[in-house]
Amino acid sequence: MGRVLVATAVSVERDAVAKAFGGFSPGPDDEALGVVGRAHPPPSSRLRSSGGDPHRPSGTTAHGGSGATARDRIDVIDAGVGPALAAASTASALTAAALQGTPYDLVVSAGIGGGFEPEAPVGALVVADEIVAADLGAETPDGFLPVTELGFGTVRHHPPEDLVRRVADAAGARTGAVLTVSTVTGTAARATALRERHPTALAEAMEGFGVAEAAGAHGVPVLEIRAISNPVGPRDRAAWRIGDALAALTEGFGKLVPVLESWNRHDQ
């Protein structure tokens, strides 16, 4: 297992993920690294695993040594809401780690999101087999055109197929496209339009594509995991089950340690 960076949007998502790996404890150099929270053992063992080097990210083994456990090698950040801030924060964390000689081998965008019913009901866990920028493009009289059809960039990233399958099997998750949007869907008409354009979509959130862009720029594989807190469609705060989704996120990550420990990007 290499080093893993988990990028969430906000602190409650960060803490839900960190809880699966033994809880959250900030380190003295976290703020400087752009890493707001880390999943790792208690502070006494952190000093051992960081080798006492104040310039090395806390909670890691020097140069990714073989003595590190999964908890030592998983860092969790709250990268911010929306694709732009998520991309910037993730890129900063990736750059800092690379400059310190402890680069990441996998980036995971994780948190809660809306689910397209009936395939992804509230409380379900979804692993993306495609990470799609659903509203990056142009509206035309003939409908929406993704930015790729305008001759620019990309609108989708593909996580490693084997890793997606293994993570989904371990966590009991569904697999499908996860859409990244800058505006959360709040009407039935928009939900229908998104499903028509993206028939394999199971969920929508606001950060996955930004995280994937940062990972891609660094040549690092990416994964996206979402726990469903509400249906995609008419905005109804009374129907949201954020607590249930956060619990599902914690439970799902708790089942992933064997997968992360055995997966090696260089074997792909």
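Start with two helices: H1 passes H8 in a right-handed crossing. Before we go on, keep in mind that this is a predicted model. Two packed helices are described by the angle between their axes and the distance between the axes. For H1 and helix H8, which covers residues 242-254, the angle is about 35° and the axes are 7 Å apart.

Which residues of H1 and H8 meet? On the H1 side they are Val12, Glu13, Ala16, Val17, Lys19 and Ala20. On the H8 side you'll find Leu246, Leu249, Thr250, Phe253 and Gly254. Now check how much of H1 is hidden: Glu13, Arg14, Ala16, Val17, Ala18 and Ala20 are buried. Just past the helix, take a look at the backbone, where H1 is followed by Gly22 with a positive phi, near 110°.

Now go to the other end of H1. Between strand S1 (4-8) and helix H1 (11-20) there's a loop, and Val10 lies in it. Is Val10 buried or exposed? Neither, quite: buried means under 20% relative accessible area and exposed means over 50%, so Val10, at 32%, counts as partly exposed. Val10 also joins Val12 and Val81 in making a nonpolar surface patch of about 220 Å². Val12 turns up twice in our story, then: it belongs to this patch, and it is among the H1 residues that meet H8.

Let's zoom out for a moment. How many helices and strands does the chain have? Its secondary structure comes to nine helices and 11 strands. The chain has 268 residues, and 53% of them count as buried. Its accessible surface comes to about 11300 Å², with 55% of that belonging to carbon and sulfur atoms. You can also ask how the chain touches itself. Take the contacts between residues at least 6 apart in sequence: 75% of them join residues at least 24 apart.

Here's another helix pair to find. Helix H4 (residues 83-99) and helix H7 (residues 208-217) pack at an angle of about 30°, and their axes are 7 Å apart. This crossing, too, is right-handed. H4 brings Pro83, Ala86, Ala87, Thr90, Ala91 and Leu94 to the contact, while H7 brings Gly210, Val211, Ala214 and Ala215.

Next up are the charged side chains. The structure holds 12 salt bridges, and we'll visit a few. In one of them, the side chains of Arg156 and Glu130 meet, at 2.9 Å from N to O. What does this pair tie together? Arg156 lies in strand S8 (residues 156-157) and Glu130 in strand S5 (residues 125-133), so the bridge links parts that are 26 residues apart in sequence. The two partners sit in unlike surroundings: Arg156 is partly exposed at 31% relative accessible area, whereas Glu130 is buried at 17%.

Arg156 also leads us to a neighbor, His198. Leaving out residues up to four places away in sequence, His198 touches Val132, Ala134, Arg156 and Leu179. You'll find His198 in the loop between helix H6 (188-197) and strand S10 (201-205). Don't let the word "loop" fool you, though. With a relative accessibility of 11%, His198 counts as buried.

Our last stop is helix H5 (residues 161-171), home to both Arg165 and Asp162. These two are three residues apart, about one turn of the helix, and their side chains meet in a salt bridge with an N to O distance of 2.6 Å. Asp162 has another partner as well: it forms a salt bridge with Arg166, where the closest N and O atoms are 3.6 Å apart. Asp162 and Arg166 are four residues apart in H5, again about one turn of the helix. Follow the shared partners and you get one network, made of Asp162, Arg165, Arg166 and Asp169. How exposed are these side chains? Arg165 counts as partly exposed at 45% relative accessibility. Asp162, with a relative accessible area of 25%, is partly exposed, and Arg166 counts as partly exposed at 23%.

Conventions
Residues are numbered from 1 along each chain as its sequence is written. This is a predicted model: local features need pLDDT of at least 70, side-chain atom pairs count only at pLDDT 80 or more; totals for chains, interfaces and linings use all residues. Side-chain values use heavy atoms; hydrogens and water are left out. Patches are made of residues with over 30% relative accessible area and no salt bridge: like charges are joined within 9 Å, nonpolar side chains (Val, Leu, Ile, Met, Phe, Trp, Tyr) within 5 Å. Accessible areas come from the Shrake-Rupley method with a 1.4 Å probe; for residues, only the protein chains shown count as cover. A salt bridge is a side-chain nitrogen of Lys or Arg within 4 Å of a carboxyl oxygen of Asp or Glu. Buried means under 20% relative accessible area, exposed over 50%, partly exposed in between (1.4 Å probe, protein chains only). Axes are lines fitted to C-alpha atoms, for helices over the stretch in contact, and angles run from 0 to 180 degrees between N-to-C directions. A crossing is left-handed if the near helix is turned anticlockwise from the far one by less than a right angle, and right-handed if clockwise. Contact means heavy atoms within 4.5 Å.
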